[in-house]
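Open the model in your viewer and keep the sequence panel beside it. The stops below each begin with something to select.

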Amino acid sequence: MADIKHLIANNKEWAEQQVKNDPDFFKRLVGQQAPEYLWIGCSDSRVPANEIVGMAPGELFVHRNVGNQVIQTDFNCLSVIQFAIEALKVRHILVVGHYGCGGVKAALESKPHGLVDHWLYPIRDVYREHAEELEQLGEAEQIDRLCELNVIEQVKNLAKTNMVQETWDKGESLTIHGWVYRLDNGLVNDMNVSVSSREGMEQVYHVYHQKLPKGG
């Protein structure tokens, strides 16, 4: 317990400073969260979502996992996405990886890492699909390029989800973006893969949601 007492002290100091700077800070926070953005990022502690984009608490809804993945059987991530879209009405989803990602690096290593290896298989699949390009690069460049390719793949995976496509069918605005954050300068690199419709996505992944007739 003694090892975490400083965290409680830090919390008290932070809360007091917030009230000092803005007496109504917590009153507004309790009232409602109404973010326009969902951030799907890596669990890495060096990538603080709100701070990177200069947003206050309540302005950014956040989900994080190892390697910033969107996997169709990950009901935790899918539940977050559904809540963000349907309840919070977010209009932008940011898939954000980071250069030098430990998860991506582990996916490239031919040695066991425990349970996380099962989680990393989709990143290995991304490597396999782009092996010809990646095998021309040095180790560090290979990791960074795979970080980029993984983000691009997760943007595609997100566009394939039922809740995203249903939102588009309703005519509601929703755009997915892919970024990679650079730890050494604090800047994000836009992969220019933003998508706001099914255009460019293979037909097999199209799922159309039709409104049922009244009484049906």
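## The whole chain

Begin with the cartoon view: the protein chain has nine helices and five strands. The model is a predicted one. Colour from the N terminus on and the elements run α-α-β-α-β-α-β-α-α-α-α-α-β-β. The C-alpha trace spans about 60 × 55 × 30 Å along its principal axes. Of the 216 residues in the chain, 38% count as buried. Among contacts with a separation of 6 or more, 61% are between residues 24 or more positions apart.

## Stop 1: helices α6 and α8

Select residues 116–129, which form helix α6, and residues 139–159, which form helix α8. At what angle do the axes of α6 and α8 cross? The crossing is at roughly 105°, and the axes come within 10 Å. That angle makes α6 roughly perpendicular to α8. Now show side chains. On the α6 side the contact is made by Ile123, Val126, Tyr127 and Glu129. On the α8 side, look for Gln142, Leu146, Leu149, Asn150 and Glu153. The residues of this contact of α6 with α8 divide into five nonpolar, two polar and two charged.

## Stop 2: Asn68

Keep Asn150 of α8 on display and add Asn68, which lies in the loop between β2 (60–65) and α4 (75–87). Is Asn68 buried or exposed? Its relative accessibility is 2%, so Asn68 counts as buried. Select what surrounds Asn68, leaving aside its neighbours within four places in sequence. Its contacts include Ile40, Gly41 and Cys42. Val95, Val96, Gly97 and His98 are also in contact with Asn68, as are Asn150, Val151 and Gln154.

## Stop 3: the cysteines

Cys42, one of the contacts of Asn68, leads to the next selection: Cys42, Cys101 and Cys147. How many disulfides are there? The count comes to zero. Cys101 is in no disulfide, and the nearest cysteine sulfur, that of Cys42, is 4.0 Å away. A disulfide needs the two sulfur atoms within 2.5 Å, so a distance of 4.0 Å does not qualify. For Cys147, the closest cysteine sulfur is in Cys101, at 5.2 Å, which is too far for a bond. Cys101 is buried, with a relative accessible area of 1%. Cys147 counts as buried too, at 3% relative accessibility.

## Stop 4: helices α4 and α9

Go back to α4, the helix that follows the loop of Asn68, and add helix α9 (residues 162–169). The axes of α4 and α9 come within 9 Å and cross at roughly 20°. With that angle, α4 is roughly parallel to α9. The crossing, as α4 passes α9, is left-handed. Show the side chains of Leu78, Ile81, Gln82 and Ile85 in α4, which meet Met163, Val164 and Thr167 in α9. In this contact of α4 with α9 the residues divide into five nonpolar, two polar and no charged.

## Stop 5: Ser173

Follow the chain on from α9 to Ser173, in the loop between α9 and β4 (175–181). Ser173 counts as partly exposed, at 46% relative accessibility. Which residues does Ser173 touch, not counting those up to four places away in sequence? They are Val90 and Arg91. To finish, draw a distance from the C-alpha of Ser173 to that of Arg198: the two are 13 Å apart in space and 25 residues apart in sequence.

Key:
Residues are numbered from 1 along each chain as its sequence is written. This is a predicted model: local features need pLDDT of at least 70, side-chain atom pairs count only at pLDDT 80 or more; totals for chains, interfaces and linings use all residues. Side-chain values use heavy atoms; hydrogens and water are left out. Buried means under 20% relative accessible area, exposed over 50%, partly exposed in between (1.4 Å probe, protein chains only). Axes are lines fitted to C-alpha atoms, for helices over the stretch in contact, and angles run from 0 to 180 degrees between N-to-C directions. Helices (H or I, at least four residues) and strands (E, at least two) are DSSP runs, numbered from the N terminus. Angles under 35 degrees count as roughly parallel, over 145 as roughly antiparallel, 65 to 115 as roughly perpendicular and the rest as oblique. Contact means heavy atoms within 4.5 Å. Ala, Val, Leu, Ile, Met, Phe, Trp, Tyr, Cys and Pro count as nonpolar, Asp, Glu, Lys and Arg as charged, and the others, Gly among them, as polar. A crossing is left-handed if the near helix is turned anticlockwise from the far one by less than a right angle, and right-handed if clockwise.
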